[in-house]
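Before reading my comments, please open the structure alongside its sequence and keep both in view. The notes below are meant for a colleague who has not seen it before.

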Amino acid sequence: MAEVTLLDGGKKSIVRAAVVFPDYAEQRIALSAEARLEEAVGLARAISLDVVYKEIVRLRTIKPATLMGQGVIERLANTLITSGVTLVIIDTNLTPIQQRNLEQKLQVKVIDRPALILEIFGERAQTKEGKLQVELAHLTYQRSRLVRSWTHLERQRGGAGFLGGPGETQIELDRRLIDEKIVKIKRLLEKVKKTRQIQRSARQRVPYPVVALVGYTNAGKSTLFNLLAGSKMLAEDLLFATLDPSMRKVKLPSGREIILSDTVGFISDLPHELVMAFRATLEEVLAADLVVHVRDAASDNSREQRQDVLQVLEKLGLKDVVHSSKYLEVLNKIDLLPSGKKDELIVKAQVGGMVCLSALTGEGKQDVLQKMDDSLATDAEIMNLAIPAADGKRLAAIYKHARVLSQRVNGDTLLLTVKANQTDLRYFNT
């Protein structure tokens, strides 16, 4: 029996939408069906869709042509008419044939989960690089369909879709035109990648370790970024509020300075096209000296969200990092927990090598900074250095980025005993 909830409609919006989660064994999702449905509703509302109807459809078998059985489709079609729905979001990956057949039978526009996430990314991207990455992902997705997957949204916005809407003046892009666009965008992104590599090389000449914030979308990464860096980057209670990477310099308790990097949020079933398209951006995570995984401790699905993030990190080739000293978990939003549960979580976190905080109130800020400091110093060792007394630049770098345990003068040379890691050492010896 399907679980159905009719919603009140609430505020007036441009598009009245329905969200349907087909629950079947082959989905293999970490979240419960109810949590997954609510997440999909949140995704829809993130782009101002008016979700007036939501439903979990329990499926015993999958129909290759339509995903759902005829009886379910007929019932759903009647409900959509009654609710005045013009857009249906099927929260799974539909084949092009399933999407086309469902549109014909339901007589409304139908999009799947990847298309919905792509549309959100299209609205959120602000930089030229972000927009290019989204368009590449969109075209890769669209290539197999050769239809404009979100015509309804572009038309309702007066044709304002992202990048002016790919193919704004024609109903359908043929494969040749899409391929030409993909090649062009990849060339542009390759230039962006080279620019990033130059920027990264420039940073490496200055001994600043890179700390990358990762986590499930809406876990509070941007709020934490603002707290630690003293910046005012957009941080809203919205899914995918941040797409474009930001970087700031932050000083740790030991005096060591780091580059803190905020990244795009992850989500369950993140479309493969997006993972690949945003790989240039996520290279900041690959090159990081420390990966900080920000988790929403107040979410009932915190563990499942953790698994989804770890799966994306594994896709990026960071499986080994997760089990090393270069990985730190931060349990955020403890201000939303009851005091008893909060105290219990803090104790468990300490035992598990994690740290708790509220990025909103600032509670635990110093604990996070100290934990970052300690994590970056885990491979530190004591070493003796002989530095010419006249080499002020190198001496300044040593005092800034290492802990000087002792110093004595030997003629024109300073003999230092310092505690530093190998990453810092290579800068001292240049």
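The numbered points that follow concern one sheet and what lies around it.

1. Please keep in mind throughout that this is a predicted model. The sheet to look for is an open one, in which six strands follow the order S7-S8-S6-S9-S10-S11 with mixed pairing. Strand S7 (246-251) and strand S11 (355-356) are at its edges, and because each has a single partner strand, one side of each is left without a neighbour in the sheet.

2. At the S7 edge, the partner is strand S8 (residues 257-262), and the two pair in the antiparallel sense over six bridges. To locate this pairing in the model, one may start from Ser246, whose bridge partner in S8 is Asp262.

3. Strand S6 pairs with S8 in the parallel sense over four bridges, with Val210 standing opposite Ile259 of S8. S6 also pairs in the parallel sense with S9, here over five bridges, and on this side Val211 stands opposite Leu290 of S9.

4. How many of the six residues of S6 are buried? Six of the six are, so the strand is largely enclosed by the rest of the structure. In a regular strand, side chains alternate between the two faces of the sheet. Both faces of S6 are covered, with Val210, Ala212 and Val214 buried on one side and Val211, Leu213 and Gly215 buried on the other.

5. Finally, helix H11 (residues 302-315) deserves a look, since this helix lies across strand S6 (210-215), strand S9 (290-296) and strand S10 (327-332), and runs at about 150 degrees to S9.

Definitions and conventions
Residues numbered from 1 in each chain as written. Predicted model: local features only at pLDDT ≥ 70, side-chain atom pairs only at ≥ 80, totals over all residues. Heavy atoms only, no water. Pairing = 2+ DSSP bridges. Contact = heavy atoms within 4.5 Å. Axes fitted to C-alpha atoms, helices over the stretch in contact; angles between N-to-C directions. Buried < 20%, exposed > 50% of the residue type's maximum accessible area, 1.4 Å probe, protein only.
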